[in-house]
Amino acid sequence: GSFALAFFMEVLFVSQKYVHVTMIPSRERKMIKVGLHVVQELLGYLIMLVVMMLSIEMLFSVLAGLMVGYAWFYDVREEKQQQQQQQRRVGGSGGGGGSASPWYVKRQQNTF
């Protein structure tokens, strides 16, 4: 049970990212993202309660679920694309600050 909760937590994270990237900004997208966020927060609290039962087996089960979920849905290609885009932004700035200033790049890393 705790393994499945942790695995599903990763599924929700990927689902939020997928909705953000594939849907155009609209009220529907916002409501879907809010719903996914609420379910993800609920699962987070349930996982916290499981771990607080002070059972080492439950803790390892949660950790295993998070690791397997992350490994299952982790996309190396997406990370490489993001790194290439960031390098293009920084490399193509021309030294004038412009849109590739450090605060802009840092802000872009925090978005989906």
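In this predicted model, I47, V50 and V51 of α2 meet M58, L59 and V62 of α3. That contact is a greasy affair by residue class, with six nonpolar residues, no polar ones and no charged ones. The axes of α2 and α3 lie 8 Å apart, and the two helices pack at an angle of about 145°.

Stepping back to the whole chain, the protein has five helices and zero strands, so to speak an α-α-α-α-α run when read from the N terminus. Of its 112 residues, 18% are buried. The protein exposes about 8400 Å², and 64% of that comes from carbon and sulfur atoms. As for how the chain touches itself, take the contacts with a separation of 6 or more: residues 24 or more positions apart account for 64% of them.

Back to α2, which covers residues 27–51. With 25 residues at 1.5 Å a residue, α2 should span 36 Å, and its end C-alpha atoms are indeed 36 Å apart, so the expected and modelled spans agree. The buried residues of this helix are R29, L36, Q40, L43, I47 and V50. Two of these names, I47 and V50, turned up above in the contact with α3. The cover over the buried residues of α2 includes both α1 and α3.

Helix α1 (residues 2–22) packs against α3 (residues 56–73) at an angle of about 30°, with 7 Å between their axes. The crossing of α1 past α3 is right-handed. On the α1 side, the contact is made by S2, F3, A6, F7, M9, E10, V11 and V14. On the α3 side, the residues are M58, S61, V62, A64, G65, L66, V68, G69, Y70, W72 and F73. By class, these residues come to 14 nonpolar, four polar and one charged. Both M58 and V62 of α3 take part here, and both also meet α2.

The same length check works for α1. Its 21 residues should span 30 Å at 1.5 Å a residue, and the end C-alpha atoms sit 30 Å apart, so this helix agrees too. Buried in α1 are S2, A6, M9, E10, L12, Q16 and V19. Among them, S2, A6, M9 and E10 belong to the contact with α3. An α-helix has 3.6 residues a turn, so residues three or four places apart point the same way. What covers the buried residues of α1 includes α2 and α3.

Q16 deserves a closer look. This residue is found in helix α1 and has a relative accessibility of 10%, so Q16 counts as buried, the cut-off being under 20%. Setting aside neighbours within four places in sequence, Q16 is in contact with K33, L36, H37 and Q40. Of those partners, L36 and Q40 are listed among the buried residues of α2.

At the other end of the scale is L54, placed in the loop between α2 and α3. L54 has a relative accessibility of 79% and therefore counts as exposed, for which the cut-off is over 50%. Its backbone is worth a glance as well: phi of L54 is near 60°, a positive value in a residue other than glycine.

Definitions and conventions:
Residues numbered from 1 in each chain as written. Predicted model: local features only at pLDDT ≥ 70, side-chain atom pairs only at ≥ 80, totals over all residues. Heavy atoms only, no water. Axes fitted to C-alpha atoms, helices over the stretch in contact; angles between N-to-C directions. Helix = DSSP H or I, 4+ residues; strand = E, 2+ residues; numbered from the N terminus. Left-handed = near helix turned anticlockwise from the far one by under 90°. Contact = heavy atoms within 4.5 Å. Nonpolar A, V, L, I, M, F, W, Y, C, P; charged D, E, K, R; others polar. Buried < 20%, exposed > 50% of the residue type's maximum accessible area, 1.4 Å probe, protein only. Areas by Shrake-Rupley, 256 points an atom, 1.4 Å probe, with all protein chains shown as cover. Expected span 1.5 Å × (residues − 1).
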